[in-house]
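Trainee: I would like to go through this structure and ask how its labels are justified. Please set each value against its cut-off.

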Amino acid sequence: MSSKIKLYLLLIFTHILFGINYSTNKVVLNVIDPFVWTTIRFLLAGVVLLTITLSLKRKHPSPDKEFLLPLFIFSIIGGATALSLFLYGLSQTTSVNGSIIFCMLPILTLTISVVRRVEKATIGKILGLILSIIGIAFTVNLNHFSISQSSLKGDFILLLGTTFWSAYY
C-alpha cells in the first residue's frame, strides 16, 4: 500500500473518531464527572504519547524555562481549559448541539488568526470555510439542533471551549 493511501486512510480514521467523539463523550458524561473524565483522558493520552516519544529515541528539547513555560501556557489554554469547557458544556447540552458548535472551530480559528494578524483572510481560506459550512450542513442532522433554555448554558460553555481551542491553534 502506498504512503499516500495510508495517509488518506489515517485521515478518514481520524474523522471517524471525531464523528463518534460527541456521542461517546455524551454517554460517558452520564456516568463520570466532566472534570474527572478530562483528567482520565489527559493521563491516558500522556502515557501513550510519552511511550511513543521515548520509543522513537530521538533527541528531545532540553527542559529549560524557554521550553517549559510556553508548553505550560499552551497546555492550559489549548488542553485543560478547552477540553474541560468542551466536556462540561457537552454534559449540559445535546451531542448534536455539541458537534455543530465544535464544527465552528475553523471559523473561529481563522477569525482569531486574522484579528491577531497571524493569517490573512484570503479568498481560498474564505471559500474553504464556506465549503466546510456546507459540509456540516450535509453531514450533521440540523433538524435536531435546538437552542432552548435547558441547553443554552451548555451551548455557551461549548462555544467558549471551542474559542479557547481556536486561540490555541
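Mentor: This is a predicted model. One place to begin is a pair of rings: phenylalanine 86 and tryptophan 165 are both buried.

Trainee: How do you know that tryptophan 165 counts as buried?

Mentor: Buried means under 20% relative accessible area. Tryptophan 165 has 13% relative accessibility, so it counts as buried.

Trainee: Why is the pair of phenylalanine 86 and tryptophan 165 called edge-to-face?

Mentor: Rings pair if their centres lie within 6.5 Å, and planes over 60 degrees apart count as edge-to-face. For phenylalanine 86 and tryptophan 165 the centres are 5.8 Å apart and the planes are at 70°. Both values meet the rule, so the aromatic pair is edge-to-face.

Trainee: What makes this a link between distant parts of the chain?

Mentor: Phenylalanine 86 belongs to helix α3 (residues 65–91) and tryptophan 165 to helix α7, and the two are 79 residues apart.

Trainee: Which arrangement does the pair of phenylalanine 102 and tryptophan 165 have?

Mentor: That aromatic pair is edge-to-face as well, with 5.2 Å from centre to centre and 75° between the planes. It also links distant parts of the chain, since phenylalanine 102 is in helix α4 (residues 95–102), 63 residues from tryptophan 165 in helix α7.

Trainee: Why does phenylalanine 102 count as buried?

Mentor: Its relative accessibility is 11%, and the limit for buried is under 20%. Phenylalanine 102 therefore counts as buried.

Trainee: What do the ring pairs link into a cluster?

Mentor: The cluster consists of Phe86, Phe102 and Trp165. By the pairing rule, the count for the model comes to 4 aromatic pairs.

Trainee: Let us turn to the helices. Why is α5 called oblique to α7?

Mentor: Helix α5 (residues 105–115) and helix α7 (residues 152–168) pack at an angle of about 50°, and their axes are 8 Å apart. That angle is neither under 35, nor over 145, nor from 65 to 115 degrees, so α5 is oblique to α7. The crossing of α5 and α7 is right-handed.

Trainee: Which residues of α5 and α7 meet?

Mentor: On the α5 side they are Leu105, Leu108, Thr109 and Ile112, and on the α7 side Leu159, Thr162, Thr163, Trp165, Ser166 and Ala167. By class, this contact has 6 nonpolar, 4 polar and no charged residues.

Trainee: What makes α1 and α3 roughly perpendicular?

Mentor: Helix α1 (residues 3–29) packs against α3 at about 70°, with the axes 9 Å apart. The range for roughly perpendicular is 65 to 115 degrees, and α1 and α3 therefore carry that label. In this contact Asn21, Tyr22, Asn25, Lys26 and Leu29 of α1 meet Phe86, Leu87, Leu90 and Ser91 of α3. The residues divide into 5 nonpolar, 3 polar and 1 charged.

Trainee: Next, the loops. How do you know whether lysine 57 is buried or exposed?

Mentor: Exposed means over 50% relative accessible area. Lysine 57 has 73%, so it is exposed. Lysine 57 lies in the loop between α2 (34–56) and α3, and its phi is near 50°, a positive value in a residue other than glycine.

Trainee: Why is arginine 117 called exposed?

Mentor: The relative accessible area of arginine 117 is 76%, and the cut-off is over 50%, so arginine 117 is exposed. Arginine 117 is in the loop between α5 and α6 (123–139). Phi of arginine 117 is near 60°, again a positive value in a residue other than glycine.

How values were computed. Residues are numbered from 1 along each chain as its sequence is written. This is a predicted model: local features need pLDDT of at least 70, side-chain atom pairs count only at pLDDT 80 or more; totals for chains, interfaces and linings use all residues. Side-chain values use heavy atoms; hydrogens and water are left out. Axes are lines fitted to C-alpha atoms, for helices over the stretch in contact, and angles run from 0 to 180 degrees between N-to-C directions. Helices (H or I, at least four residues) and strands (E, at least two) are DSSP runs, numbered from the N terminus. A crossing is left-handed if the near helix is turned anticlockwise from the far one by less than a right angle, and right-handed if clockwise. Contact means heavy atoms within 4.5 Å. Ala, Val, Leu, Ile, Met, Phe, Trp, Tyr, Cys and Pro count as nonpolar, Asp, Glu, Lys and Arg as charged, and the others, Gly among them, as polar. Rings of Phe, Tyr and Trp (its six-membered ring) pair if their centres lie within 6.5 Å; planes under 30 degrees apart count as stacked, over 60 as edge-to-face and the rest as tilted. Buried means under 20% relative accessible area, exposed over 50%, partly exposed in between (1.4 Å probe, protein chains only).
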